[in-house]
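Please open the structure in a viewer and keep the selection tool at hand. The tour below proceeds from one selection to the next.

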Amino acid sequence: ASTTASRTAEKAADATKGSPTTLADIEALLHGTHRRRDYGKIYQALENLDTNLFSQAMAMALKSTDTSSKYTVMYAIANRWGETDPQAAIAFAQTIGNISERGQLLSGIASSWAENDAAGAIAWAKQLPPGQIRNAVYSAIVSALGSQDPHAAMELLGNVSGANNRQG
């Protein structure tokens, strides 16, 4: 069964080269991705996914039972969504009940948002309530800023509570 799923995923990835990715392609990739090299296929397919399909693809990923594929797709979509429409991405992420999954999404969104609009991402992060998600978001922004503006990244790091979180 896993060989069939891998072949289906390969066909889906090949079909998306240069053409729009469909939700069926994403579903095939979610069910067929089990090897490390297959994750590149997910990123390639998501590059061709229409932004109007992000919420549906994200919902599909959240239902996946393959944890590795699930988080790969979630992070990749969160990054793309954070680049194109961070407010819509945040609104979607806020509907996720699982705090770990919500934190993963918000971190991915914040990371790519900070690369394009650091001030906007920081302003949004500062209004988050203290806790695990806020620390994860700050860490993502600090990481994104590190290569662009190390001074601003270090300054922002002061907003992360707990020495262990700042160390991370």
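Select S107 together with A136, V137 and A140: S107 touches these three residues, leaving aside residues up to four places away in sequence. This model is a predicted one. S107 has its place in helix α7, which covers residues 99-116. Is S107 buried or exposed? With a relative accessible area of 13%, S107 is buried, because buried means under 20%.

Next, select helix α9, residues 132-146. Its end C-alpha atoms are 21 Å apart, which agrees with the 21 Å that 15 residues should span at 1.5 Å a residue. Now colour the buried residues of α9: I133, R134, N135, V137, Y138, A140, I141, V142, A144 and L145. Two of the names in that list, V137 and A140, were already selected as residues touched by S107.

Then turn to helix α4, residues 54-63, and helix α5, residues 67-84. How do these two helices cross? Their axes come within 9 Å and cross at roughly 160°, which means that α4 is roughly antiparallel to α5. The crossing is left-handed.

To display the contact, select F54, S55, A57, M58, A61 and L62 on α4. On α5, add K70, V73, M74, I77, A78, R80, W81 and T84. Colouring this selection by residue character will show 10 nonpolar, two polar and two charged residues.

Technical notes:
Residues numbered from 1 in each chain as written. Predicted model: local features only at pLDDT ≥ 70, side-chain atom pairs only at ≥ 80, totals over all residues. Heavy atoms only, no water. Axes fitted to C-alpha atoms, helices over the stretch in contact; angles between N-to-C directions. Helix = DSSP H or I, 4+ residues; strand = E, 2+ residues; numbered from the N terminus. Parallel < 35°, antiparallel > 145°, perpendicular 65-115°, else oblique. Left-handed = near helix turned anticlockwise from the far one by under 90°. Contact = heavy atoms within 4.5 Å. Nonpolar A, V, L, I, M, F, W, Y, C, P; charged D, E, K, R; others polar. Expected span 1.5 Å × (residues − 1). Buried < 20%, exposed > 50% of the residue type's maximum accessible area, 1.4 Å probe, protein only.
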